[in-house]
Amino acid sequence: MSDVVTGDAVVLGLQPARLPSRALAVLIDLVVVWAAYLLVTLGLAVATASLDEAAVTAVSIASFLLILVGAPIAVETLSHGRSLGKLACGLRVVRDDGGPIRFRHALVRGAMGVVEILMTFGVVACVASLVSERGRRLGDVFAGTLVVRERIPAARVLAVPPPPPWLVGRFAGLDLSAVPESLWLEIRQYLMRARELDPAVGRRLAERLADELVARTGTPPPPGVPADAYLAGVVAERQTREARRAFGSAGMTGTPGVAGVAGVAGVATVSGAVGAVGMPAPGFGPPVAPSPVAPPAAASVVASPAADGQEAAAPATGFAPPA
């Protein structure tokens, strides 16, 4: 991934396209462009058969510039950096700040492409792409552009395993402010891949990461706690703190958000109900003992004869029918 800083000082993680994918995209574009150029050349040869040699030469140069140079520039400008070959390979040309290219960027890339690709058969472009850190050719350097991958294969997402139950909450007072993000990333990667590592190698790696974590926090792990369990417990504590900062402390005890919302709703309902009947609101008078609620009476079945001799069951309501 390449860190591209936008004009708003936002760092974008873009994956630059490398030489194999770019070469395949250029090859597809060249096949399409040369096929169109040959068809147009044959048509112009028939149409200009009656003209003199100077006119035929002028038409040939114009068709060369329009099809082999002007057509790729127009396509990249109108498609915002996605030609037919780049679209097939999942690539796109963007500016250095990650934004879409304009006509001037496509013009510089197309003009340099005549020298890099057409006149030298792509040798200069290949050498420049191999030397560049982000795989850019000379046209990209002069135009201030970058070819990136748009379609990135989705990686399998692995969850960080939870710590042992007896370690939950043991690191609540640990100071994690001095731990850098790079160390957190290493610890998370180790915890997600711990089962795939050799036991001896995984143990040594866990001990090294635990030593670095202790050096950053200044607090050693509890006696008898393995290094991998210590790392899992500290990572779980960090996730708990991040969740508390994101969602608030109300939803961090019991069921997240249920107890706090239910309590607030219950107080509001009681306050509204009491105020509606003219009684003092809760907190301003003596508590009123709840009236005992009688258990529901057992439903009795009253049998009434039906016309066909069957019995129909009806629940008793407790009220006497009118006389």
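Ala, Val, Leu, Ile, Met, Phe, Trp, Tyr, Cys and Pro count as nonpolar here, Asp, Glu, Lys and Arg as charged, and the others, Gly among them, as polar. This is a predicted model, where local features need pLDDT of at least 70 and side-chain atom pairs pLDDT 80 or more, while totals for chains, interfaces and linings use all residues. Residues are numbered from 1 along each chain as its sequence is written, and side-chain values use heavy atoms, leaving out hydrogens and water.

**Exercise 1.** Work out what lines the largest pocket (an open set of 1 Å grid points over the protein atoms alone where a 1.4 Å probe fits, with protein on both sides within 12 Å along at least five of seven lines; lining residues have an atom within 4 Å of a point).

*Solution.*
- Start with the lining: 38 residues, with Val26, Asp29, Leu30, Lys86 and Ile117 nearest the centre.
- Next, find the helices (DSSP runs of H or I, at least four residues, numbered from the N terminus). Two or more lining residues come from each of α1 (19-47), α2 (53-78), α3 (84-89), α4 (103-119) and α5 (123-131).
- α1 has the largest share, 13 residues.
- Finally, sort by class: 27 nonpolar, 5 polar and 6 charged.

**Exercise 2.** Do likewise for the second largest pocket, beginning with the residues closest to its centre.

*Solution.*
- Of its 23 lining residues, Pro161, Leu191, Ala194, Arg195 and Asp228 are closest to the centre.
- α7 (181-193), α8 (199-217) and α9 (227-247) each supply at least two lining residues.
- α8 gives the most, 5 residues.
- By class, this lining has 16 nonpolar, 1 polar and 6 charged residues.
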